[in-house]
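Okay, thanks everyone, let me put my structure up on the screen. I'll go through the cysteines, then a pocket, then one of the helices.

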Amino acid sequence: MGLSFSNLNGEHNGSSIGPSLGDIPESCVACVILHLTPPEICNLARLNRAFRGAASSDSVWERKLPSNYKDLLDLLPVERYRSLSKKGVFALLSRPIPFDDGNKEVWIDRVTGRVCMAVSAKGMAITGIEDRRYWNWIDTEESRFHAVAYLQQIWWFEVDGMVSFNLPPGTYCLSFRIHLGRFSKRLGRRVCHFEHTHGWEIKPVRFSLSTSDGQEASCEYYLADKEGEQAGRESWRDYKVGEFVVGCSEPTTEVQWSMKQIDCTHSKGGICVDSVFIIPTDVKERNKRKAGVK
């Protein structure tokens, strides 16, 4: 009882006593760490040589990669991954991989190895986007795509998108990232402008999604309350559209989505549309808990 950590490593007053962590066969260590998350595996690699060797094993990291990881690698130049170990491949794929002219990104979650995706506003069809009287593009570091679509005023508001991808089996959540008002920086401080923000309290915005295998989801949100205000409107809001399930028999899943308010009895404006996120539901919930979002 009461053995210290140094005792477990076989250290005692400069001499070695009894078995230590270093005596555990690397194959046994590998069997244990298969049940750990990638960050936990990396932490255990610091213990000793056996753990370090097992934590770098291709057989371990092959199990942590998603089933479609080779499809993700196909989006990259071969020279970027040709000589990498499976651990190196995991690290590479955990960083955003752009595709579709840089308007979409895919990556794997660092904790679960699950596939995540984001689609920029430039990767979607936006009614009136070509007319500067209605829409403008704002360059900003607040977007992972470095630009957001800003609506000044319009009567027919509609944003549509689609992606076709080989997603691994699982349940996914699709959501829009939206900001009411326009923002800028002045003297190093973030400033929000709401001079064009109007109309979102009159009728709700309808969100919907559908998949190639017939799944559908829809919901409605008032983006502002009856007084035209929005709680926390100086920040980005995440609007969940719905969830869909990808089965084992589906090589490619096509997902379509929309956000619209097409009641032409009133105009609306003053909103930034950043992107759509397609995230595994368990990853989404974990991120919400981490951020303290209810």
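So, C264 is partly exposed, with a relative accessibility of 42%. Keep in mind that this is a predicted model. C192, on the other hand, is buried, at 16% relative accessible area. Why doesn't C192 form a bond with the closest cysteine sulfur? That sulfur belongs to C272, and it sits 8.9 Å from the sulfur of C192, which is too far for a bond. A disulfide would need the two sulfurs within 2.5 Å, and the count of disulfides here is zero.

Now the pocket. The largest one holds about 830 Å³ of space. It has 29 lining residues, and if you want to find the centre, look for S175, D238, K284, N287 and K288, which are the closest to it. Five elements, namely β2 (104–108), β8 (170–180), β13 (237–246), β15 (271–280) and α8 (281–291), each give two or more residues to that lining. Which of the elements gives the most? That's α8, with seven residues. As for the chemistry of the lining, we have 13 nonpolar residues, 12 charged and four polar.

Last stop, helix α7, which runs over residues 86–93. Its buried residues are V89, F90, L92 and L93. Those residues span an arc of only 165 degrees around the axis, so they end up on the same side of α7. The general background is the usual helix arithmetic: with 3.6 residues a turn, residues three or four places apart point the same way.

That's what I had, happy to take questions.

Definitions and conventions
Residues are numbered from 1 along each chain as its sequence is written. This is a predicted model: local features need pLDDT of at least 70, side-chain atom pairs count only at pLDDT 80 or more; totals for chains, interfaces and linings use all residues. Side-chain values use heavy atoms; hydrogens and water are left out. Buried means under 20% relative accessible area, exposed over 50%, partly exposed in between (1.4 Å probe, protein chains only). On a 1 Å grid over the protein atoms alone, a cavity is a set of points where a 1.4 Å probe fits but cannot get out, and a pocket is an open set with protein on both sides within 12 Å along at least five of seven lines; lining residues have an atom within 4 Å of a point. Grid points are joined across faces, edges and corners, and a volume is the space filled by probe spheres set on the points. Helices (H or I, at least four residues) and strands (E, at least two) are DSSP runs, numbered from the N terminus. Ala, Val, Leu, Ile, Met, Phe, Trp, Tyr, Cys and Pro count as nonpolar, Asp, Glu, Lys and Arg as charged, and the others, Gly among them, as polar. The arc is that of the directions from the helix axis to the C-beta atoms.
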